[in-house]
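Me: I would like to learn how to read the packing of helices in a model, step by step. Could we begin with what counts as a contact?

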Amino acid sequence: MTNCTRRKFLGSTAAVPLGLAAASRVNANAATGYADFIVTGGKLLTMDAAQPVAEAFAVRGKHILAVGTADDIENLAGPHTRRIDARSMTVTPGFIDSHSHPLFAEEAAGVNVNLRRIDDVKQALAGQASRTPPGHWVRGVMYDDTKFEDERPLNRNDIDDVVSDHPVYVGHRGGHTGVVNSRAYEVAGITIDTPDPVGGKFYREDGEFTGKVAEHARRPFFESGTWPVIDRSVRQQAVAIGSSKMAASGLTSTTDAYGNKDDIVAYRDARAAGELHYRVAFMPGGNSDVYAGLKTAGIGSGFGDEMIRIGAVKYAADGSASERTMSMSTPYEGRPDDFGILTMDQQQIYAAVEDAVAHDFRVGIHANGDVAIDMVLNAYERVLRDRDGPNPRHRIEHCSLINDSLLARIKAAGVVPTPFYTYTYYHGNKWVEYGEQKMQSMFAHRSFLDAGIPVAPASDYTPGPYEPMMAIQSMVTRKDVRGRVWGPEQRISVTEAMRICTMHGAYASFEEGIKGSLTAGKLADFVILANDPHDVDPDGIVDIKVVRTVLGGKTTHEA
Ligand SMILES: [Zn+2]
């Protein structure tokens with residue numbers, strides 16, 4: 001091809017609304033050279049409304065150079081241009097998670113026991129014990145009793161079978177309970193005569209410990225013996241392990257929805273070592289030293305770059321959806337006096353929001369129940385009243401239980417809600433306590449879309465799985481693992497679910513100009529899926545294989 005035809009072609013793609021910077025970059029590339037690689041032979045779902053379907057795209061450096069027909073894109077190939085043949089598979093933008101806790105699992109200091117059979121958990125713990133100095137704690141992470149094929153939880157005897165000389169603590173992914181072995185009770189000095197502490201429980205059956213321990217009863221274990229050291233290098237390793245796994249699920253961007261100083265150092269260290277396999281929006285915890293320090297330094301939301309960027313400050317105003325403590329105007333099923341709990345009062349919310357805005361921070365407040373959502377909106381409406389300039393897109397984290405009046409206020413205030421995207425599927429056993437009627441207005445993706453609200457994708461990992469394919473299935477089918485349907489009125493289409501997991505995720509961090517779609521000038525973040533989620537049985541979307549994930553032109557996962 002000639003330079004003339006290439007320039008002409010690029011000139012036409014630059015007419016797509018890219019933003020000025022992106023457009024000039026494309027033009028500069030036209031003068032300087034060819035594509036680094038070209039993706040062809042796939043079904044492209046671009047998520048770009050201006051060009052929803054295309055045949056191929058070209059990447060140069062970190063960015064998408066052009067998207068178009070196979071012939072047009074072929075014009076950008078030079079002698080050293082590589083080709084990725086998508087072999088009739090589906091290519092989508094990289095998936096984005098707008099609310100997660102990517103470092104909670106602490107896998108670098110323990111073994112992941114998120115497995116389907118108790119025997120597999122036993123094997124994993126035995127392996128970890130063999131790598132652990134004698135007498136030191138062996139730690140299992142991400143345990144989930146509700147997903148065992150065995151249909152019973154892990155117990156003390158199971159662990160004793162395989163590990164008797166090390167104390168073992170297996171932490172539940174929900175973050176509030178664990179299972180220990182007999183050696184653990186000895187190390188902690190707990191006998192069958194020890195009473196339960198206030199706010200905690202050592203579970204017993206027939207005069208013996210079952211191994212399960214909850215809340216404050218976990219403390220004596222944490223405070224005795226020798227635990228694996230979690231230092232700066234271990235935290236860096238945790239980012240490397242966790243971000244590799246997330247890349248394997250198709251994620252290219254995530255959000256740390258309550259970050260502290262150790263976390264941001266870990267992201268920086270991993271990045272410097274070439275081990276950071278996602279982009280991260282870092283939401284400092286409202287009560288953390290890191291938030292105070294950022295304010296002192298004059299750094300607000302949006303500071304950073306496309307790999308690590310400071311997001312909204314994070315506060316929490318009420319309890320949890322999955323642990324059934326969120327603050328509602330009507331009670332829980334079967335508990336007529338239980339309306340959940342608030343963790344901030346109205347004055348505290350006003351003060352937090354006003355302080356954040358005064359320091360150039362966006363705000364993201366955790367509010368699950370309708371009562372808490374109303375209080376957070378009161379504060380957002382107040383600071384928006386005399387504001388000039390673009391809408392700051394304050395967020396409501398979770399925003400689980402809504403009604404028509406809340407929807408109207410969210411829309412009017414330009415607020416971004418981040419409801420759980422895998423919970424309907426994954427946590428079905430918990431929804432009975434809300435009942436069928438409330439579930440019609442919970443995780444209300446349909447209602448948000450119908451109201452024109454750019455609802456964001458949110459896993460809340462570790463409590464919720466982060467896998468985008470599970471998220472799409474959960475939002476599309478509203479079915480739990482056992483096939484029960486919860487709030488079918490809230491079902492959305494596959495296309496809508498995919499748009500939430502891409503473009504809406506980018507919007508939630510003010511980055512829709514640089515990612516979220518396959519568009520010339522945007523970052524080359526994309527995924528190759530073995531099947532198009534539109535074409536498979538909706539109950540099988542979760543099983544779609546992620547064949548390749550690419551972040552800024554570099555492959556982060558290849559199956
Ligand atoms: Zn969270």
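Reply: Two residues are in contact if their C-beta atoms, placed from the backbone, lie within 7 Å. Helices are DSSP runs of H or I with at least four residues, strands are runs of E with at least two, and both are numbered from the N terminus. This is a predicted model, in which local features need pLDDT of at least 70 and side-chain atom pairs count only at pLDDT 80 or more, while totals for chains, interfaces and linings use all residues. Residues are numbered from 1 along each chain as its sequence is written.

Me: Which residues in H12 meet residues in H13?

Reply: On the H12 side they are Asp370, Ile373, Asp374, Leu377, Tyr380, Glu381 and Leu384, and their partners in H13 are Leu406, Arg409, Ile410 and Ala413. This contact divides into seven nonpolar, no polar and four charged residues, where Ala, Val, Leu, Ile, Met, Phe, Trp, Tyr, Cys and Pro count as nonpolar, Asp, Glu, Lys and Arg as charged, and the others, Gly among them, as polar. As background, an α-helix has 3.6 residues a turn, so residues three or four places apart point the same way.

Me: At what angle do helix H12 and helix H13 pack, and how far apart are their axes?

Reply: Axes are lines fitted to C-alpha atoms, for helices over the stretch in contact, and angles run from 0 to 180 degrees between N-to-C directions. Helix H12 (residues 370-385) and helix H13 (residues 404-413) pack at about 30 degrees, with axes 10 Å apart. That makes H12 roughly parallel to H13, since angles under 35 degrees count as roughly parallel, over 145 as roughly antiparallel, 65 to 115 as roughly perpendicular and the rest as oblique.

Me: Where is helix H17, and how many of its residues are buried?

Reply: A residue is buried if 20 or more other C-beta atoms lie within 10 Å of its own, exposed if 12 or fewer, and partly exposed in between, with C-beta atoms placed from the backbone. Helix H17 spans residues 468-477, and 10 of its 10 residues are buried, among them Met469, Ile472 and Val476. The cover over these buried residues includes strand S8 (95-96), strand S15 (251-259), helix H14 (423-426), helix H16 (445-450) and helix H18 (494-508). Arg478, which follows H17, has a positive phi, near 55 degrees.

Me: How many helices and strands are there in the protein chain?

Reply: The protein chain has 18 helices and 24 strands, and buried residues make up 52% of its 559 residues.
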